[in-house]
Amino acid sequence: MKKRGIGYGCTFYGTGYGNGFPDVSVAEAELNSDGKINVYVGATECGQGSDTIMRQIAAESFGSSVEIINYYSTDTDIMKDSGTAAASRQTYNTGNALRLASEKLKDRVIEKAKDLLNLNTTVGLKIENGEVFLNSFKATKISLSEIASSLGDEKLREEATFVAHSTEMDEETGQGCPYWPYTFGAAAVEVEVDTETGKVDIIRAASAQDVGRAINPELVEGQMDGGFAMGYGYAVFEDLNLKNGKIVNNRFTNYLIPTAMDMPELEKIIIEDPESTGPYGAKGIGEPVMTYVAPAILNAIYDATGVRMTEIPVTPERLLKALKESETK
Amino acid sequence: MYSSVGKREFRVDAESKVTGKAIYPQDIYMDGMLHGKTFRSSVPHARIKVDVSEAEAIEGVVKVFTAKDITGENYHGVLFKDHEVFCEKKVRRIGDPIAFVVAETPEIAEEALKKIVVEYDEIEGVFDPVKAMEEGAPQVHDGQNNAVYHYKIRKGDVEEGFAKSDVIVEKEYRTGMVDHAFLQPEAGISYMEGDKVVVCVSTQYPHFDRIEVAEALGIPEEQVRILNPAIGGAFGGREDITMQIHLALASRTLKKPVKSIYDREESFLAHSKRHAFIMKYKTGATSDGKLLATEVTIIGDTGAYASWVCNVLRKGGVHATGPYEVPNVKVDSYGVYTNNPFAGAMRGFGATQPPVAYEQQMDIIAEKLGMDPIEFRMKNIFRKGSITATGQELYESVTAVECLEAVASKINKNNR
């Protein structure tokens, strides 16, 4: 028999290394000789989208789109340490460091523009699309490439460091401020359980993710899809089948992960409420997007069958056994 | 009005990845490069004697590296330096690296692996973290208690909270170890650039790899350069060292480029797993739906090595009560060594396991109270000004209510 049920999961997640451990990102921004902006950060692009959103954060300082940015993030000889691509910390931490560095560079570029335009103040100057101009008299302007070529051997290069705030908790009571910021999220799913085969299908699903502010909504949604798939796999598929320390399921023929065929059409809702300490209000979301998925599925399985699954993954074997036990009770 | 922030900017690496132009470490070939393959332990717990003489005698084998060839420290590890680059006297898990064969072709390297002779003097293993905590359990790391970490929360008085509760739910939940299952198994190439060793690998933290390579090779950090080309997913599984030191040691010793590629089976052995958690929950609430007390014990299996065990079990403990205000909280989380695959960072990092428990507890209590699960959550959920189990005030950007309302409005019993 096929039985349907609905379940919810709601979670929170603390960003960063935590517990007072120094969570430090360094970023650098530099005016290139052709007027483009060189950005150097040690943030690793693992597929999460940092190469794209870091460009967006830096471009924002110059009132431009990402084309103005030359981006360097793959060589320890040329970029400084921005910490690990983990703990959902790169958008927040390195994003903050990069915003600070970009703003410092922008200020220096505008200062140069003031001199080159023979103005007595930087007040009223604006930077947009590769040009610095007087907002009230737009014909008074100079391009970033003109500024760059006026510099000769001088380099406009700025560095900034951002350190996230967290405190070491009390050893006896665990009281303190271990992480900041916290993100929130929730999922709702409707499952269909086949009580003959023990298979769990997801019929409908929705995820809502708090982001502070989305630097790139498309990439947030990408993370939500990926997080849902990983949470789904965690709840019902993925099993190493450990036998005395041996991984029996060590290839994708027996270590099952969800495929596109398993994925439901996920409704993705981005919740924005800017975080004042984040770059343009942004928080990191790489990890939280998966945390609410498995519990929503487990609660839906209960709603469908009346069986409470306390061990994951809920493989067909495990679910059939539990269904049988509940019948005999 | 923003010029770039908030825009659905097309991802800059998309085209190269979908057209196959992106360069992953496996795609890099160099003139005169050698090929490295790792010999790994086939047993979970044993004292070992290693003989590579026969393997090294094969034509086309350039060198077989073992613990005695390490030029710096024979260790690495993100928190404790408890991994050996090559196990010297003892193995602690199946898959522990013992030797690294470098040969002229991958086929010869593969052949040489079969000629390595390891005498295993097996020791009783321990695979259940609860048993590993018991007095007299086999010690995974000699002279060291298997329970390596204990985190505590003590807030209010849980006994009093339970005494005043109208409903109490007690249950045990279990989550298994899982793999990151990233698409691209580990691969890398290392070569010399003057006196500098260059290691080209997919890693989540190139600057930390540089430190660990430098320590193991016994050279200054300035003589190590990490290049990080395209990465096919990570999810925490590329935080601990896998082949980086093997490659760097080999290319620096032999003054030639050395390349290594893991297949999927070896990838499963090489990197960390998500910690398996055993979570005992006791939750108490009043008849009108207010949470009064939560008591949680978490035992996390870190397998043979510590990796991030303290941080993961700490994060698990901090998040154990979920996004809900609870006045009385007692949490104990433990990280324990076993002879299982080692556990480390994985997406969620200790905050992924507890929701499996606390969100089911919430539904069970709601049902006992005859309350809608959303309505019950809303009576306890974090809002602006809420205080967490660690006493932290959430003073801004607290959107748990909006998130839960958003999904509940999309999927509920009325719109089937």
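**View 1. Arg4(A) stands opposite Glu192(A), a residue of S9(A).** What you're looking at is a predicted model. The two strands here are S1(A) and S9 of chain A, the latter covering residues 182-194, and they run antiparallel with 13 bridges joining them. Helix H6 of chain A, residues 293-305, lies across S1, S9 and S10 (200-212) of that chain, at about 150° to S1(A). Chain B pitches in too: its helix H12 (residues 400-410) packs on the sheet and touches S1, S9, S10 and S13 of chain A. The direction of H12 makes about 150° with that of S10(A).

**View 2. Four strands of chain A make an open sheet, in the order S1-S9-S10-S13.** The pairing is mixed. Look to the edges for S1 (2-14) and S13 (266-272) of chain A, each of which pairs on one side only. On average, neighbouring strands in this sheet are turned by 10° against each other, direction ignored.

**View 3. A six-strand open sheet takes in strands from both chains.** Read across, the order is S14(A)-S8(B)-S13(B)-S14(B)-S15(B)-S7(B), and the pairing is mixed. S14 of chain A and S7 (147-155) of chain B sit at the edges with a single partner strand each, so one side of each has no neighbour in the sheet. Strands of a sheet pair through backbone hydrogen bonds, either parallel or antiparallel.

**View 4. Strand S14 of chain A (residues 311-312) meets S8 of chain B (residues 167-175).** The two run parallel, joined by two bridges. Glu311(A) stands opposite Arg174(B), which belongs to S8(B). Helix H10 of chain B (residues 354-369) lies across S14 of chain A along with S8, S13 (276-285) and S14 (291-303) of chain B, running at about 150° to S8(B).

**View 5. S7(B) pairs with S15 of chain B, residues 328-337.** Eight bridges hook these antiparallel strands together. Ala147(B) is found opposite Val336(B) in S15(B).

**View 6. Chain A and chain B bury about 9600 Å² between them.** Carbon and sulfur atoms give 57% of that area. Tyr8(A), Phe12(A) and Tyr234(A) supply 8% of what chain A buries against chain B, more than any other three residues. The contact draws on 120 residues from chain A and 109 from chain B.

**View 7. Asp75(A) and Arg225(B) join their side chains in a salt bridge, 2.4 Å from N to O.** The count between chain A and chain B is ten salt bridges. Polar contacts link 58 residue pairs across this interface. On the side of chain A that touches chain B, the residues split into 50 nonpolar, 41 polar and 29 charged.

Note on methods:
Residues are numbered from 1 along each chain as its sequence is written. Chains are lettered from A and ligands numbered from 1 in the order in which they are written. This is a predicted model: local features need pLDDT of at least 70, side-chain atom pairs count only at pLDDT 80 or more; totals for chains, interfaces and linings use all residues. Side-chain values use heavy atoms; hydrogens and water are left out. Contact means heavy atoms within 4.5 Å. Buried area is the accessible area (1.4 Å probe) that two parts lose on being put together, summed over both. A salt bridge is a side-chain nitrogen of Lys or Arg within 4 Å of a carboxyl oxygen of Asp or Glu. A polar contact is a pair of N or O atoms within 3.5 Å; within protein, one must be able to donate a hydrogen and the other to accept it, and residues adjacent in sequence count only if both atoms are side-chain atoms. Ala, Val, Leu, Ile, Met, Phe, Trp, Tyr, Cys and Pro count as nonpolar, Asp, Glu, Lys and Arg as charged, and the others, Gly among them, as polar. Two strands pair if DSSP finds at least two bridges between them. Axes are lines fitted to C-alpha atoms, for helices over the stretch in contact, and angles run from 0 to 180 degrees between N-to-C directions.
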